[in-house]
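Work through these exercises with the model on screen. Try each task before you read its solution.

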Amino acid sequence: MRQSLSKVGGLALLATTLMGTGCAKRVATETDPAPESIAAYYPLAVGNQWTYRLDGRDDKPVTVEIVKEQDGYFLDNQGGQLSVDAFGLRDPKRYLLRGPLEAGRGWNNVVSVSSTERYQLVQVGFACQVPAGSFQNCVSVEGRNRVDAQTTLVNTMTFAAGVGLVRVDVATEHAGKRVPQTELELTTFKVAPAGTGVAPAPATN
């Protein structure tokens with residue numbers, strides 16, 4: 001699982017370990033959310049930066065920084081690309097967060113002819129705490145992808161409004177048992193809201 005994490009990089013921050021080609025498929029027919037409501041959960045601006053610790057260790061931090069905007073996407077120093085459109089937060093292959101933000105809402109991402117990722121909003125509007133601080137307005141998303149007939153890879157991502165991705169938990173499910181694989185927690189960050197034209201705020205501890 002550690003090797004697969006290194007493939008993702010960037011703003012998706014190792015959360016989309018499920019690799020493939022293709023595009024996200026829209027499956028919902030509800031009224032589309034305002035982009036701003038989703039954008040609040042991942043501020044996209046050049047210079048924004050997030051640092052994470054891996055599996056509770058502080059000796060090998062992972063830092064993601066947005067370095068430029070190109071072709072409608074914000075690109076980071078890890079090779080990741082993110083954008084917010086009328087339906088949600090996405091990379092070139094999948095939606096990571098979609099509205100309306102209601103617990104239980106789900107969507108599918110078809111990333112290749114043989115791979116479909118299934119996402120669901122688990123919690124909305126709850127408080128969470130990570131080394132970077134306590135945040136009151138958070139949402140968590142669970143992404144699932146079948147590795148084989150018996151094993152499913154599960155990514156649980158927690159986003160905080162005005163901050164971004166604050167926590168990622170990667171696990172495998174086999175024969176109904178979930179086994180943790182990797183945990184990332186936000187330790188410091190500096191962000192400026194998208195479109196403000198102001199410099200990111202100083203990093204927090």
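Buried means under 20% relative accessible area, exposed over 50%, and partly exposed in between (1.4 Å probe, protein chains only). The model is predicted, so local features need pLDDT of at least 70, side-chain atom pairs count only at pLDDT 80 or more, and totals for chains, interfaces and linings use all residues. Residues are numbered from 1 along each chain as its sequence is written, and side-chain values use heavy atoms, leaving out hydrogens and water.

**Exercise 1.** Classify the pair of Trp107 and Tyr119, then place it in the chain.

*Solution.*
- Step 1: recall the rule. Rings of Phe, Tyr and Trp (its six-membered ring) pair if their centres lie within 6.5 Å; planes under 30 degrees apart are stacked, over 60 edge-to-face, the rest tilted.
- Step 2: apply it. The centres of Trp107 and Tyr119 are 5.8 Å apart and the planes make 15 degrees, giving a stacked pair.
- Step 3: locate it. Trp107 is in strand E7 (residues 106–112) and Tyr119 in strand E8 (residues 115–130), so the pair links parts 12 residues apart in sequence. Strands (E, at least two residues) are DSSP runs, numbered from the N terminus.
- Step 4: check burial. Trp107 has a relative accessible area of 2% and is buried. Tyr119, at 4%, is buried.

**Exercise 2.** Do likewise for Phe135 and Phe189.

*Solution.*
- Step 1: classify. The centres of Phe135 and Phe189 lie 6.0 Å apart, with 65 degrees between the planes: edge-to-face.
- Step 2: locate. Phe135 belongs to strand E9 (residues 133–146) and Phe189 to strand E12 (residues 177–190), so this pair ties together parts 54 residues apart in sequence.
- Step 3: check burial. Phe135 and Phe189 are both buried.

Methods
Helices (H or I, at least four residues) and strands (E, at least two) are DSSP runs, numbered from the N terminus.
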